[in-house]
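Biologist: Can you pull up the model? I have a few quick things to ask.
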Amino acid sequence: MEFRASFCDPFKKDIIELGDIEKEKVIEKFHSIDWNDYLKRMKSAKESEMYYSPSLEVENKNNKNGLSISAIDGKEWYIFYKRPKMVKRFFGLSEKLNENYLTDITGQTEQDVMDCLNALLKNDLEFLEEKIK
């Protein structure tokens, strides 16, 4: 499996594309980000100076399943799960592939983040589908 990553720096308008990342380096990359420093700086910044919550996105390039992890307050995390999914339309009479189907879950701990990242890395899509509805 091949992965790519990007990072949203709260103080930069453009998303920072990190490019291809080895499966073994994803967890290391998550831990190398000084999440608390970003959150601390955001507390004293003007709203007009901020563009995002600090976020790391990791995507499996082969099947287009990906996670975006956003730090909220140092203890709480939001996890967004993007994937291609068939969705029903017109009262269930037809289906269409949504290439960027997105669901999210709030109020997560760092352990929840690790569980989801590890599931993405192992391609355990059933876990992600059940956890992030």
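Modeller: Start with β3 and β4, which pair in the antiparallel sense over 5 bridges. Strands pair if DSSP finds at least two bridges between them. Strands here are DSSP runs of E, at least two residues, and helices are runs of H or I, at least four, numbered from the N terminus. This is a predicted model: local features need pLDDT of at least 70, side-chain atom pairs count only at pLDDT 80 or more, and totals for chains, interfaces and linings use all residues. Residues are numbered from 1 along each chain as its sequence is written, and side-chain values use heavy atoms, with hydrogens and water left out.

Biologist: Which residue in β4 is the bridge partner of Glu-59?

Modeller: Gly-66. The hairpin of β3 and β4 has 5 residues between the strands, and Lys-64 takes a positive phi near 65° there.

Biologist: And what does β4 (residues 66–71) join on to by 6 bridges?

Modeller: Strand β5, residues 77–89, running antiparallel to β4. Leu-67 has Tyr-81 of β5 as its bridge partner. In the hairpin of β4 and β5, also with 5 residues between the strands, Gly-74 has a positive phi near 95°.

Biologist: How many residues of β4 are buried?

Modeller: 5 of the 6, so β4 is largely enclosed by the rest of the structure. Buried means under 20% relative accessible area, exposed means over 50%, and partly exposed is in between, with a 1.4 Å probe and protein chains only.

Biologist: What's the strand order in the whole sheet?

Modeller: The sheet is open, with 6 strands in the order β2-β1-β3-β4-β5-β6 and antiparallel pairing. At the edges are β2 (16–21) and β6 (94–108), each pairing on one side only. From one strand to the next, the twist averages 20°.

Biologist: Which strands does helix α2 touch?

Modeller: Helix α2 (residues 35–44) packs on the sheet and touches β1, β3 (55–60), β4 and β5. Its direction makes about 55° with that of β4. Axes are lines fitted to C-alpha atoms, for helices over the stretch in contact, and angles run from 0 to 180 degrees between N-to-C directions. Contact means heavy atoms within 4.5 Å.

Biologist: Which residues of α2 are buried?

Modeller: Trp-35, Tyr-38, Leu-39 and Met-42. They fall within an arc of 95° seen down the axis, so they line one face of the helix. That arc is taken from the directions from the helix axis to the C-beta atoms. On the other side of α2, Asn-36, Lys-40, Lys-43 and Ser-44 are exposed. The cover over the buried residues includes β1, α1 (26–32), β3, β4 and β5.

Biologist: New topic. How many disulfides?

Modeller: The count is 0, where a disulfide is a pair of cysteine sulfur atoms within 2.5 Å. For Cys-116, the closest cysteine sulfur is in Cys-8, 18 Å away, too far for a bond.

Biologist: Is Cys-8 buried or exposed?

Modeller: Cys-8 is buried, at 13% relative accessible area. Cys-116 is buried too, at 0%.

Biologist: Where is Ser-6?

Modeller: Ser-6 is in strand β1, residues 3–8. At 2% relative accessibility, Ser-6 is buried. Leaving out residues up to four places away in sequence, its contacts include Ile-15, Leu-18 and Leu-56.

Biologist: Last one: which helix holds Glu-110?

Modeller: Helix α3, residues 110–122. Glu-110 is partly exposed, at 36% relative accessibility. Beyond neighbours within four places in sequence, Glu-110 is in contact with Phe-30, His-31 and Trp-77. Glu-110 and Gly-74 are 36 residues apart in sequence, yet 9.0 Å apart in space, C-alpha to C-alpha.
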